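The following exercises concern helices, aromatic rings and a surface patch. Please work through each task before reading its solution.

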Amino acid sequence: MPYLHKKYYMREKDEPQCEKIFKQGYSILENHPLLRHLDGDVYMRGKNTYEKGSAATVDKSGDVHINTSAKLNPKEWAYVLAHCLLHLAFKHFDNDSIPYDEDGSFHKEVWNKACDIYITRFLRDIKFCESMYDDPAQHYSIKLDDEKKIYKHLLYLGDTGKKQEYGTNSPMLMDMIGLDHPIVYKPNTSNKFSANFALSIAHSVTNAVNTAGGHNPIDPMARDTSVMRAARWFLTNYPLLGGIAASFKIIEDYEICQRDEIHIAAVDASIGEIYANPTTNLSTEEWKFVLAHEFLHAGLLHHKRCLGRDKYLWNVACDYVINDWLLDMKVGAIPDEGLLYDEELHGLSAEAVYDKIVKEMRKFKKHATFRGFGHGDIMSDRGPSFGGLGKEAGHKGVSLDEFFKNALREGYDFYSSNARGFLPAGLVAEIRALSMPPIPWEVELGKWFDYQFPPLEKHRSYARPSRRQGATPDIPRPRYIVQQQNIQNRTFGVVVDTSGSMSFRQIGLALGAIASYGISKDVLFVRVVFCDATAYDAGYMAPDDIAGRVKVTGGGGTILQPGVSLLEKAFDFPADGPILIITDGYIEENLRVTHQHAFLLPKGNKLPFIPKGKVFYFL
């Protein structure tokens, strides 16, 4: 909890009424299960708060200065305090967080406003106290889930940040003091405010999930065993799996392990339980390895991906892949027994390993998982199903599988944004595949492709025999082939908006779908142009190269006409070749496209003109 300083002391009965009201607001924050863990030093009647309309400011050293003369009620004071302290917890003063321009500068007033908008939306989402401002989502068309995106959007709108509508200082002043010199941390040092807040989130998630599942939120995790020490380590030190760890009830019960023949550990993801054999003499470091192994089984939905395969052999295949990753990631210590690992299988997916196992089924049937010989440590065939958080209260809830996917994806986002260690490429690919949502515009886009590229006509040919009979090998037999001329003419162009307001995830989502349709429609090559302030011609490439190996360039303003004109005037691009334009809609108002064309936009965005071609919206 932030420490409350006073520059003078007096008896409580002599304290001014305005300061009493402020301290009531301070108490509200002090009792909040999540925000009470925010760090900082709060000074009553501090500096930089003397202008009209000023309530509070925060500086990069962690000091919050309060103008107790402001006419606010206790809930509004709690809101102001949380707002200022969240600037510290969200790293808004950190040099690594600031989106610098190409010349190394940044607009501090715009950055302050972007951070204020982000915090305002965050506090609304968690329904904390009384906001003094309108919902910013009513005034901005983008999703307000990233400060850098908000900053770029404000610059796009021409907002200079002179008016700070969502801050806690005077409307004409910034509430963040010290942005002229952002914080640069020395080696082996980091933002303590952010670290403490991340820890409080982990504990809050643990309590919330345990309460929803009917578990005791205190006693199980408080046991001082090797298993529980390992489990607590994930909550506080390993964000990739911390969210999943918080959702599980770990059961150390010898009778259950004996009944279900669990030698070391097993996981039942359908009911959110991990079974650990307390008689196994493993250290805390070894239990970290075992628990990470079981968490990944659940997070990657191995219990759902078995499909028609042999369940035990599928479990063995998944074990080989997970153990290979954990060795690369250096999580915990390798147990002396129960480890399935083979260097020859390094880098393979679970599906590829399974295919190899099937060829040598007798050999692999003898291998043991962490549960033991002949038994998989993925247990999902018994017990009641975990239907969803809050479902019994009449809410739709979140299924446990969806919770696992979200927890793993958010853990990966934290890892990638904070450069927190090494993750194997195979694990990254599986996390991305799980977190990719279904694309509702696929069917509409598919119809557009069918119209542009109807099925190829086939004709009979005797040029090359398709088959021969053993009795008459010299008699050629006809087969159907596709006209080569038709194949060569099947191509289309893609203009990709790579401006700062366009998310690379949005670009990847759209390019991935386009690539899959190109392959299915016998398109040999696609002409790709990336476009921001200028056009960059990536040339022709095979459809399967688009989604995987294209290096996206650009990042400036959004002008698409040069890219469209480049395609339409290119001597090697068909005169009737269709063009797909991927953009977020923040483009020029007079874009001219003469070829058959279509637009792909994020849902909720719109074009600044009435389009002549089709428009597809994706989430």
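**Exercise 1.** Determine how far helix α10 is enclosed by the rest of the structure.

*Solution.* The structure is a predicted model. A residue counts as buried under 20% relative accessible area. In α10, 15 of the 16 residues are buried, so the helix is largely enclosed by the rest of the structure. Helix α10 covers residues 284-299. From its first C-alpha to its last it reaches 22 Å, close to the 22 Å expected at 1.5 Å a residue. Just after α10 comes L301, with a positive phi of about 55°.

**Exercise 2.** Compare the span of helix α3 with the value expected at 1.5 Å a residue, and state whether α3 is mostly covered or not.

*Solution.* Step one is to count: helix α3 comprises 18 residues, 108-125. The expected span is 1.5 Å times one less than the number of residues, which gives 26 Å for α3. The end C-alpha atoms of α3 are 26 Å apart, so the two values agree. As for cover, 13 of the 18 residues of α3 are buried, and the helix is mostly covered. After α3 follows K127, whose phi is positive, near 55°.

**Exercise 3.** Classify the ring pair of Y100 and F106, and then that of F530 and Y536.

*Solution.* A pair of aromatic rings is described by the distance of the centres and the angle of the planes. The whole structure holds 14 aromatic pairs. For Y100 and F106 the centres are 5.4 Å apart and the planes stand at 85°. Planes over 60 degrees apart count as edge-to-face, so this pair of Y100 and F106 is edge-to-face. Y100 is partly exposed, with a relative accessible area of 31%, whereas F106 is buried at 17%.

For F530 and Y536 the centres are 6.4 Å apart and the planes stand at 15°. An angle under 30 degrees counts as stacked, so the pair of F530 and Y536 is stacked. F530 is buried at 1% relative accessibility, while Y536 is partly exposed at 42%.

In addition, W233, F234, F248 and F295 form one aromatic cluster.

**Exercise 4.** Which residues make the nonpolar surface patch of about 270 Å², and in which strand is Y540 placed?

*Solution.* The patch is made by L524, F525 and Y540. Y540 lies in strand β13, residues 535-541. A residue of such a patch must have over 30% relative accessible area. Y540 has 31%, and it is therefore partly exposed.

Key
Residues are numbered from 1 along each chain as its sequence is written. This is a predicted model: local features need pLDDT of at least 70, side-chain atom pairs count only at pLDDT 80 or more; totals for chains, interfaces and linings use all residues. Side-chain values use heavy atoms; hydrogens and water are left out. Helices (H or I, at least four residues) and strands (E, at least two) are DSSP runs, numbered from the N terminus. Buried means under 20% relative accessible area, exposed over 50%, partly exposed in between (1.4 Å probe, protein chains only). Rings of Phe, Tyr and Trp (its six-membered ring) pair if their centres lie within 6.5 Å; planes under 30 degrees apart count as stacked, over 60 as edge-to-face and the rest as tilted. Patches are made of residues with over 30% relative accessible area and no salt bridge: like charges are joined within 9 Å, nonpolar side chains (Val, Leu, Ile, Met, Phe, Trp, Tyr) within 5 Å. Accessible areas come from the Shrake-Rupley method with a 1.4 Å probe; for residues, only the protein chains shown count as cover. A salt bridge is a side-chain nitrogen of Lys or Arg within 4 Å of a carboxyl oxygen of Asp or Glu.
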